Amino acid sequence: MSPTLPASTPPDRPILRDAPTPARSAASARHILITGASGALGGALARARAKPCVALQLWGRDLGRLAATADACRAAGADVTVRSLDLADIGAMLAAIAEADAATPFDEALLVAGQGDTAAADARVEDAAQVARLVQVNFAGPAALAAALADRMAARGHGRIVLIGSAAAFHALPFAPAYAGSKAGLARFVDALRLAVRGSGVQVTLVSPGFIDWPGGGRPVPRALLMSLPTAVRRVLAAADRGQSHAIIPWPFAALRLIDRLLPAPWRDRLLLAFKPP
Ligand SMILES: NC(=O)c1ccc[n+]([C@@H]2O[C@H](COP(=O)([O-])OP(=O)(O)OC[C@H]3O[C@@H](n4cnc5c(N)ncnc54)[C@H](OP(=O)(O)O)[C@@H]3O)[C@@H](O)[C@H]2O)c1
């Protein structure tokens, strides 16, 4: 069993919008699961959701960074539990979600955990082990977790699940087939899951970010393609609170998706082959 640490103390452009569901509003969400809470986006989302009368269950692998997020959330008044587990261990993860949700049902789940990787500079094709790992962590793990949660939430008649994909899902990136493919699989899964639970009171939202700027970091991409971490948090939560089915953020990535779809294939291929990872 994975180690569990008890709490010490108490304008992006919508692409699709779902019909309103009877899901509870975020303001009334009481028990919230956040995966990837040891990371940049998951940690910032946890801090944004932390307030009195909210219980957060924070998942990740790195207990040191999870503890730092947990401390900040407790300082904001939230009740916090952290759990270290590997999303690639799907059996352990499903057992953990069944146990946690049976103890205190989740109202909202922000499934943020994921890994980015590209082929080595001197490699024509990505390493096979890397392909398997990314598919497991970016697709199989979050999809299985979302399915388990959706089923339990639908039985109760309410709940909200937000999954973080990537704008890379909409482009055949030759230097990152596993990342693009795993996020593309997740995007299709989330869209289908959303339809599967329609009318059950469960809201399913996919947010597909482009580039998120790291605190103190900086990436060699045009500013229009870059989003600060606070902006990313605001837009993820706005998409969730509005009940959007899908948000691509920032908006230029929605335009790039359209261009990818509309360009004749040989032009599109040439563009993708010319693009170098930032
Ligand atoms: N940053 C960007 O520009 C960007 C752009 C588009 C999409 N995204 C997506 O946004 C999400 C968050 O990314 P981020 O920028 O916050 O990256 P990050 O700081 O590296 O955080 C990634 C999180 O995922 C967790 N994680 C990774 N592998 C895991 C595994 N096998 N089992 C359990 N947890 C695992 C990490 O946990 P540990 O650190 O504890 O291992 C960490 O909490 C990811 O899904 C990413 O694909 C990011």
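**Reading the ligand site and a helix pair**

Student: Which residue has a polar backbone atom 2.8 Å from an oxygen atom of the ligand?

Tutor: Look for a polar contact, a pair of N or O atoms within 3.5 Å. Here the partner is Val112, through a polar backbone atom 2.8 Å from a ligand oxygen. A polar backbone atom of Ala40 sits 2.9 Å from a ligand oxygen, and a backbone N or O of Gly36 lies 3.1 Å from one. Taken alone, the ligand exposes 890 Å², of which the protein buries 88% (Shrake-Rupley, 1.4 Å probe).

Before we go on: this is a predicted model, where local features need pLDDT of at least 70 and side-chain atom pairs 80 or more, while totals for chains, interfaces and linings use all residues. Numbering starts from 1 along each chain as its sequence is written, and side-chain values use heavy atoms, leaving out hydrogens and water.

Student: How many residues surround the ligand, and which elements supply at least two of them each?

Tutor: Count residues with a heavy atom within 4 Å. That gives 29, with Ser38, Arg61, Asp62, Asp86 and Gly210 the closest. The shell divides into 14 nonpolar, nine polar and six charged residues, with Gly counted as polar and Cys, Tyr and Pro as nonpolar. α1 (40-49), α5 (177-196) and β9 (211-212) each supply at least two; these are DSSP runs, helices (H or I) of at least four residues and strands (E) of at least two.

Student: At what angle do the axes of α1 and α6 cross?

Tutor: Fit lines to the C-alpha atoms over the stretch in contact, then take the angle, from 0 to 180 degrees, between N-to-C directions. The axes of α1 and α6 (229-242) come within 10 Å and cross at roughly 65°. Contact (heavy atoms within 4.5 Å) involves, among others, Leu41, Ala44 and Leu45 of α1 and Val233, Val236 and Leu237 of α6. The contact has ten nonpolar, no polar and two charged residues.

Student: Where does the backbone have a cis peptide bond or a positive phi without a glycine?

Tutor: Most residues other than glycine have a negative phi, and most peptide bonds are trans. Ile249 and Pro250 are joined by a cis bond, omega about -10°; Pro250 lies in the loop between β11 (244-249) and α7 (252-262). Cys53 has a phi of about 75°, in the loop between α1 and β4 (55-60).

How values were computed:
A polar contact is a pair of N or O atoms within 3.5 Å; within protein, one must be able to donate a hydrogen and the other to accept it, and residues adjacent in sequence count only if both atoms are side-chain atoms.
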